[in-house]
Amino acid sequence: MTAPAETRKFEAEVAQVLHLVTHSLYSHKEIFLRELISNASDACDKLRFESIANPELLAGESELHIDVSWDKAARTVTIRDTGIGMSRDDVVANIGTIASSGTRRFLEAMSGEQKADARLIGQFGVGFYSAFVVADRVTVLTRHAGAAPEDGVKWDSDGRGEYSLEAVTLPERGTTVILHLKADEDEFLDGWKLRSLVTKYSDHVAFPIRMPKDAPMPAEGEDETKADAAPEWETANDASALWTKPKSEISDADYQNFYKALGHDFNDAAAWTHNRVEGSQSFTTLLYLPSQPPFDLMMGGRDERKGLKLYIKRVFVMDAAEELLPNYLRFVRGVVDADDLPLNVSRELLQHNRQLDRIKGACVKRVLDLIEKLARDEPEKFTAFYKAFGNTLKEGIVEDAGNRERIAKLLRFASTKGEGASQTVSLDDYVGRMPVGQDTIWYITADGHKAAAGSPQLEAFRAKDIEVLLMFDRIDEWMLGSLHEYAGKSMKNVAKGELPLDEADKAKQAEAATAAAPLVERIKGLLGDRVGDVRVSARLTDSPSCLALADYEMAPHLARLLREAGQDVPESKPTLEINPQHALLQRIESEADDAKATDLATLLLEQAEIAAGAPLPDPAAFVQRMNRVLLGG
Ligand code: ADP
Ligand code: MG
């Protein structure tokens, strides 16, 4: 029994997307064609894959292709494919009622400061709706492969809130999307225009995109021999799987165009690597580094990782970014085509497949090679890439112990010997200019560049001209938990443990500690249980005090962040280090009144806490104390 005709409302979020699409996306309107052709190509991919197990799905027209045509009189542009098609339920779920997670992210991105460009729409998995950028009515006719002709579905909408569904008889499987163009979109009723868009955006779609033969030809370079499918149609695109061609036959522009279609990106890729492995196991990889982060990555989206496609013997099997690459390389886009995996492979099977493990290992190696090469040969591009993906890459220090050293080599930091806040100093740079005898890579972590660069803990390092890496990205502290050494040098936080003192320094330090022992005891007494310990610092030259951390202790700014995020962080009492040379300490020493001395000692502790990004336990008391001292001084 066929379902009756009905009218339904779009789900609220879908309606919002449609509103945005029709009212806000004015630039690059032509992107609709890429998105609809991309959907048609996906549909052909799906059918080709499913027909391996079910050859009868290809009954009728066995050729998979996409047709683009237009009708000047009716003012329509039509995109038809002979792919998998949709059932009535599919239509409702895919292009009507049910908002995908991408819908929400798209809305968030569009309402953020950074206005989404029309060209981004495909990245959110809402590309279909780009049809409404140029059309004020869209009709979809579709029949699922394997369904009877009378089980066709007609979907129709003006994109304003409702759509209609109707059962129709369709002689052929697949999907036809008819765009009723808006009054001022006549430019898309032009064959030359449409053809040039196909060439620009969809040349490397692996299925023939056919256009009516009387469409005027572009000036040159057309291959006449391909126009043999049907007398009135001719193929307008290259229609081959790019990665199967020999590298020598692929131009940079070909690679870039393929990347853009694959990643729904409009920026060039930063770099790519294309390899064929022959042997007991043969496979091809074509992997790209984007130059800009996709919105998804910027917004922390991890759930839907698209962009790395697994093919088996040229047949698209699935988006398999999670199976083919570790999380920290989730920005990579590309294609893996394996010759030896079984075509009926499932996602579950892939997770425990030894062949796939080998391919995955090869992908990781290729990508790390590629980033290294970029860093070496194209520093400007690398800087841009690192700005976009450096923090993602850092996750690999924790996640991928086997490649830790290789990943660490790629990291860049600000430094006391670098230029301001710019993160350009590599660990190799640091090690390269270490003076003889230094065996430690020193770093400091803080909330921001200023807090790091201005930290009192750096004073002794500055005085001794020892370079310190300034780390102030939130992920750094977590990453450093897994990065204890590099190139045989241990990595240490300047706030922790022993300082690099020579024998003379040590003697001086011991002397200073003995001389200041009574002062230390007094301050301990005055501060009571607000501190774990008080000691004379070797870290300070100018400041009166700073906090020191035990090796296992978390930096105070991080502890604060984690607590704010609702995590349980064990309390630990701070260790206060003092500089007995400082006038403030001398004042405490000579202050006979215990109440006044307590105020001074407490402020000594509180300023160290503030500099370290720790929260003040009682800000009001701090302010009163400060005022007492200011007035009473
Ligand atoms: P995405 O392609 O990223 O999934 P779209 O908004 O472009 O997002 O398409 C939404 C869904 O609609 C697709 O995932 C697919 O299930 C369905 N769809 C769209 N166009 C077609 C088509 N030509 N044939 C079959 N299904 C389609
Ligand atoms: Mg799509």
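**Notebook: salt bridges, a ligand shell and a surface patch**

Asp268 was my starting point: with 38% relative accessibility, it counts as partly exposed. I kept in mind that I was working on a predicted model. Its partner is Lys260, and I found their closest N and O atoms 3.0 Å apart in a salt bridge. Lys260 is partly exposed too, at 22% relative accessibility.

Next I looked up Lys409, which forms a salt bridge with Asp428, again with 3.0 Å between the closest N and O atoms. Lys409 belongs to helix 13 (residues 404-410) and Asp428 to helix 14 (residues 427-432), so this pair ties together parts 19 residues apart in sequence. I noted relative accessibilities of 36% for Lys409 and 32% for Asp428, so Lys409 counts as partly exposed and Asp428 does as well. I also came across a network in which salt bridges with shared partners join Glu61, Asp67, Arg80, Glu172 and Arg210.

How many salt bridges does the structure hold? My tally reads 47. One that I opened up is between the side chains of Glu162 and Lys9, at 3.7 Å from N to O. This pair links distant parts of the chain, 153 residues apart: Glu162 sits in strand 6 (residues 162-168) and Lys9 in strand 1 (residues 6-9). Lys9 is exposed at 59% relative accessibility, while Glu162 is partly exposed at 42%.

Then I turned to Arg330, in the loop between helix 9 (321-324) and strand 14 (333-338). Is Arg330 buried or exposed? I get 12% relative accessibility, and the cut-off for buried is under 20%, so Arg330 counts as buried. Its side chain makes a polar contact of 3.0 Å with the side chain of Glu395.

On to ligand 1. There are 13 residues around it, and Asn39, Asp81, Asn94, Gly125 and Phe128 come nearest. I sorted the shell into five nonpolar, five polar and three charged residues. Helix 2 gives the largest share, three residues. For polar atoms, I listed these distances:

- A polar side-chain atom of Asp81 is 2.9 Å from a nitrogen atom of ligand 1.
- A polar backbone atom of Gly127 lies 3.1 Å from an oxygen atom of the ligand.
- A side-chain N or O atom of Thr175 is 3.3 Å from a nitrogen atom of ligand 1.

The protein covers 84% of the 530 Å² of accessible area that ligand 1 has on its own.

Last stop, the surface: Met626, Leu630 and Leu631 make a nonpolar patch of about 350 Å². Leu630 lies in helix 23 (residues 619-632) and is exposed, with a relative accessible area of 63%.

Definitions and conventions:
Residues are numbered from 1 along each chain as its sequence is written. Chains are lettered from A and ligands numbered from 1 in the order in which they are written. This is a predicted model: local features need pLDDT of at least 70, side-chain atom pairs count only at pLDDT 80 or more; totals for chains, interfaces and linings use all residues. Side-chain values use heavy atoms; hydrogens and water are left out. Patches are made of residues with over 30% relative accessible area and no salt bridge: like charges are joined within 9 Å, nonpolar side chains (Val, Leu, Ile, Met, Phe, Trp, Tyr) within 5 Å. Accessible areas come from the Shrake-Rupley method with a 1.4 Å probe; for residues, only the protein chains shown count as cover. A salt bridge is a side-chain nitrogen of Lys or Arg within 4 Å of a carboxyl oxygen of Asp or Glu. Helices (H or I, at least four residues) and strands (E, at least two) are DSSP runs, numbered from the N terminus. Buried means under 20% relative accessible area, exposed over 50%, partly exposed in between (1.4 Å probe, protein chains only). A residue is near a molecule or strand if one of its heavy atoms lies within 4 Å of it. A polar contact is a pair of N or O atoms within 3.5 Å; within protein, one must be able to donate a hydrogen and the other to accept it, and residues adjacent in sequence count only if both atoms are side-chain atoms. Ala, Val, Leu, Ile, Met, Phe, Trp, Tyr, Cys and Pro count as nonpolar, Asp, Glu, Lys and Arg as charged, and the others, Gly among them, as polar.
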